[in-house]
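What follows is a short report on a single protein chain. It moves from individual residues to helices and then to the overall layout.

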Amino acid sequence: MENINIKSMDFEIPSDVLEQIQQNIEDIIRNFDIPDANKTDVIKKINFMYSSTIHMSVTDPLTKLYNRRHFESNFEREYMRAKRYNSPLSLAIVDIDFFKKFNDTNGHSCGDYVLRELAYNMLQNFRQTDMVFRYGGEEFAVILTETPAETAVVPLERLRKLVENYNFKFRGQDLKVTVSIGVSSNTKFETPWEMFDDADKALYESKKNGRNRVSSAG
């Protein structure tokens with residue numbers, strides 16, 4: 001029988017289905033002809049396994065940040081909430097400059113190191129109310145809730161400087177790492193993904209104008 005590495009699986013089961021499965025299993029266990037203490041112990045273990053599965057389904061295994069799937073659902077929710085209550089919202093896309101050179105020069109372990117260190121710095125840089133995601137590859141996304149454009153630039157510029165001056169060192173070798181950032185604070189679009197494209201265009205402007213900079217859309 002083929003061994004299955006659960007940690008590497010990309011879970012596709014919706015959370016509401018998992019919750020229903022969990023509840024059904026608990027109901028079955030409660031009807032077993034065993035001591036109540038044993039039932040409680042089994043249910044606790046199932047709840048732990050369920051929580052672990054949910055965590056894995058929304059987490060990038062390398063950086064431990066939220067993954068793209070979790071970004072998409074959270075971004076849609078926050079965008080609709082901002083539109084409904086006419087509250088400010090900013091979205092930033094962060095891209096590591098010339099990331100391919102780290103893999104090509106020092107191997108993929110070096111690239112993984114850079115991704116993990118950047119993820120750590122991003123978590124330290126933003127507020128607890130902001131949400132940081134690994135969108136894919138060397139791209140990250142940040143949802144800055146209740147944050148207008150002029151305010152969003154402050155932590156993003158702080159992050160840019162932090163990365164530029166951070167001591168990235170892989171196997172004794174100093175690495176020069178910078179990031180380009182694009183940010184959109186426009187919630188007047190028809191869909192959240194138009195706002196995402198707006199931030200992506202701002203990221204392109206950062207790259208076109210020399211990288212290692214923050215650009216705002218509009």
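Ala119 is buried, because its relative accessible area is 1%, under the 20% cut-off. The model is predicted. Ala119 sits in helix α5. Leaving aside neighbours within four places in sequence, Ala119 is in contact with Thr63, Leu65 and Phe140. Phe140 lies 21 residues from Ala119 along the chain. The C-alpha atoms of Ala119 and Phe140 are separated by 8.5 Å.

Val132 belongs to strand β2. Val132 has a relative accessibility of 7% and counts as buried. Residues up to four places away in sequence are again not counted: Val132 then touches Leu65, Tyr66, Met122, Leu123, Phe126, Ala141 and Val142. Leu65 thus appears among the contacts of Ala119 and among those of Val132. Val132 and Leu144 are 12 residues apart in sequence, and their C-alpha atoms are 8.9 Å apart.

Two loop residues come next. Glu146 is in the loop between β3 and α6. Arg171 is in the loop between β4 (168-170) and β5 (173-175). What is the sign of phi at Glu146, which is not a glycine? Phi is positive at Glu146, at about 50°. Arg171 also has a positive phi of about 50° and is not a glycine either. Most residues other than glycine have a negative phi. Glu146 is partly exposed, with a relative accessible area of 42%. Arg171 counts as exposed, at 69% relative accessibility.

The table lists the accessibility of these four residues.

| Residue | Relative accessible area | Class |
|---|---|---|
| Ala119 | 1% | buried |
| Val132 | 7% | buried |
| Glu146 | 42% | partly exposed |
| Arg171 | 69% | exposed |

Now the helix pair. Helix α5 covers residues 108-125, and helix α6 covers residues 149-165. Their axes come within 10 Å. The crossing angle is roughly 145°, and the crossing is right-handed. Which residues of α5 meet α6? Leu118, Asn121, Met122 and Asn125 do. Their partners in α6 are Pro155, Arg158, Leu159, Leu162 and Val163. By type, the residues of this contact are six nonpolar, two polar and one charged. Met122 of α5 takes part in this contact and also touches Val132.

Helix α3 has 18 residues. At 1.5 Å a residue, α3 should span 26 Å. Its end C-alpha atoms are 26 Å apart, so expectation and model agree. His70, Phe71, Asn74, Phe75, Glu78, Tyr79 and Ala82 are buried in α3. These residues cover an arc of only 145° around the axis, which puts them on the same side of α3. That buried set packs against β1, β2, β3 and α7.

Helix α7 runs over residues 192-208, 17 in number. From first C-alpha to last, α7 reaches 25 Å, close to the 24 Å expected at 1.5 Å a residue. Its buried residues are Pro192, Met195, Phe196, Asp198, Ala199, Ala202, Leu203 and Ser206. Where do the buried residues of α7 fall, seen down the axis? They fall within an arc of 155°, so they line one face of the helix. The face turned away from that buried side carries the exposed residues Lys201, Tyr204 and Lys208.

What covers the buried residues of α7? The cover includes the helix α3 (68-85). It also includes β1 (89-96), β2 (131-136), β3 (139-145), β6 (179-184) and β7 (214-216). β1, β2 and β3 also pack against the buried residues of α3. Just after α7, Gly210 takes a positive phi of about 115°.

Last, the whole chain. Its secondary structure comes to seven helices and seven strands. From the N terminus on, the order is α-α-α-β-α-α-β-β-α-β-β-β-α-β. The chain has 218 residues, and 42% of them count as buried. Consider contacts between residues at least 6 apart in sequence: 67% of them join residues at least 24 apart.

Technical notes
Residues numbered from 1 in each chain as written. Predicted model: local features only at pLDDT ≥ 70, side-chain atom pairs only at ≥ 80, totals over all residues. Heavy atoms only, no water. Helix = DSSP H or I, 4+ residues; strand = E, 2+ residues; numbered from the N terminus. Expected span 1.5 Å × (residues − 1). Buried < 20%, exposed > 50% of the residue type's maximum accessible area, 1.4 Å probe, protein only. Arc of directions from axis to C-beta. Contact = heavy atoms within 4.5 Å. Axes fitted to C-alpha atoms, helices over the stretch in contact; angles between N-to-C directions. Left-handed = near helix turned anticlockwise from the far one by under 90°. Nonpolar A, V, L, I, M, F, W, Y, C, P; charged D, E, K, R; others polar.
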